[in-house]
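Please open the structure in your viewer and keep the selection panel at hand. The tour below proceeds by selection, one region at a time.

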Amino acid sequence: MQSCPVRPLPLLAICLASGLLGIGVALWMHPNNQSERSLPQSISGMVPQIEPPIPPPSRDQLTRFLPNQTLDVHRSDGASISIGYTSVIVDPRWTTIEFFGGWNREMEANIDEEALLFTSGPTFARASGNGDLAMRLHGDLMLANGLWPSGNRAAAAERAWVGISRSGELEFGYGPLTPELEQRLRVFIGGLHAFTNTTQDAPRSYAGVYGEMRLADVRIVYGLRPDGQLELVETADGVLFSDLQSFVSSKGFLASYLPDHASKSRLIVPGKRPWSHEHAVWVSGGKPSITQMPFLLKIRPSQDWYDRQPAVAEPEPGTS
């Protein structure tokens with residue numbers, strides 16, 4: 001019987017290759033290896049994706065200055081009137097408010113480069129108190145540069161307030177500054193008159209500043225806009241309370257509060273709307289007697305806004 005010749009080396013190579021292929025497939029399909037392959041994907045799913053912080057707006061976007069506007073409103077007798085006003089819309093997330101104390105500082109306010117604007121605060125009475133200012137506040141003030149308790153605790157308890165929370169939300173409430181509010185808010189302006197408020201009902205303790213007024217005056221309005229921003233309005237002269245009611249309704253404010261009024265109204269935007277003798281006479285109804293002011297509220301960028309600004313590179317030696 002004749003046998004076929006065997007070639008041992010090629011056959012051995014084929015067997016060896018087949019064995020290695022089988023071992024590789026087995027290792028690839030082993031559960032331990034599958035978990036190892038899926039491990040990076042599992043870990044990435046467990047680690048929360050951290051969103052980068054939202055960059056703050058530029059300085060010129062912190063407020064919007066809207067001068068010389070008009071709004072047509074209708075009276076109950078069917079007559080239509082056009083109310084003139086100027087306003088500034090303020091972003092509470094990136095702004096704060098300071099106490100700007102001292103009699104007759106309007107001209108200094110005109111050239112304050114740090115300020116975004118100045119406006120009126122709560123009512124006050126001439127009396128000893130608050131140091132050299134010689135006046136007693138009718139509402140508590142907790143601002144970026146200090147705390148000024150009201151010199152009239154009864155008035156503070158019976159009035160309303162506007163605040164900015166530590167997260168930057170605008171709030172309109174009632175009563176004095178409490179320990180709970182002091183913890184939750186970073187700005188508190190008390191002693192205000194709650195003209196309208198759809199966000200909450202007034203408590204029984206609220207009395208307000210004004211009764212039914214029929215005087216036609218210039219007024220400052222703190223308005224809570226539907227977008228959560230603050231609109232500070234200075235109306236034209238000759239606006240009755242009934243007209244103002246129609247005005248804030250047409251503006252769509254969720255709440256509208258009033259600080260001091262008439263010749264105490266102030267809305268100063270440095271470089272854009274300065275205070276002048278002519279403007280003061282206009283605010284006073286054309287009379288030469290101008291009510292002096294012991295303090296203003298100064299609105300400026302918040303510290304958080306400053307902290308998030310890009311660092312200015314230090315100049316190298318020999319450069320300017």
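In this predicted model, begin with the second largest pocket, which holds about 150 Å³ of space. To display its lining, select Asn104, Glu106, Met107, Arg266, Trp275, Ser276, His277, Ala280, Ile290, Thr291 and Gln292. The elements that contribute two or more residues to this lining are α3 (106-110) and α7 (277-283). Coloured by class, the lining shows four nonpolar, five polar and two charged residues.

Proceed next to the largest pocket, with a volume of about 180 Å³. Select Arg59, Asp60, Thr63, Phe65, Ala115, Leu116, Val269, Pro270 and Lys272, which line this pocket. Here the classes are five nonpolar, one polar and three charged residues.

Now select helix α6, residues 241-251. Which of its residues are buried? They are Phe241, Asp243, Leu244, Phe247 and Val248. Turn the view to look down the axis of α6: the buried residues fall within an arc of 145°, so they line one face of the helix. Add β1 (63-74), β2 (80-90), β11 (185-197), β12 (220-224), β13 (230-235) and β14 (255-258), which are among the parts that cover these buried residues. Just after α6, pause at Gly252, where phi is positive, at about 80°.

Finally, turn to the nonpolar cores. The largest comprises 49 residues, and Leu117, Leu143, Phe172, Tyr222 and Tyr257 have the most contacts inside it. A second, separate core has 16 residues, including Leu71, Val73, Phe241 and Leu244. Phe241 and Leu244 in this second core are also buried residues of α6.

Key: Residues are numbered from 1 along each chain as its sequence is written. This is a predicted model: local features need pLDDT of at least 70, side-chain atom pairs count only at pLDDT 80 or more; totals for chains, interfaces and linings use all residues. Side-chain values use heavy atoms; hydrogens and water are left out. Buried means under 20% relative accessible area, exposed over 50%, partly exposed in between (1.4 Å probe, protein chains only). Helices (H or I, at least four residues) and strands (E, at least two) are DSSP runs, numbered from the N terminus. The arc is that of the directions from the helix axis to the C-beta atoms. Contact means heavy atoms within 4.5 Å. A nonpolar core is a set of buried Ala, Val, Leu, Ile, Met, Phe, Trp, Tyr and Cys residues joined through side-chain atoms within 4.5 Å. On a 1 Å grid over the protein atoms alone, a cavity is a set of points where a 1.4 Å probe fits but cannot get out, and a pocket is an open set with protein on both sides within 12 Å along at least five of seven lines; lining residues have an atom within 4 Å of a point. Grid points are joined across faces, edges and corners, and a volume is the space filled by probe spheres set on the points. Ala, Val, Leu, Ile, Met, Phe, Trp, Tyr, Cys and Pro count as nonpolar, Asp, Glu, Lys and Arg as charged, and the others, Gly among them, as polar.
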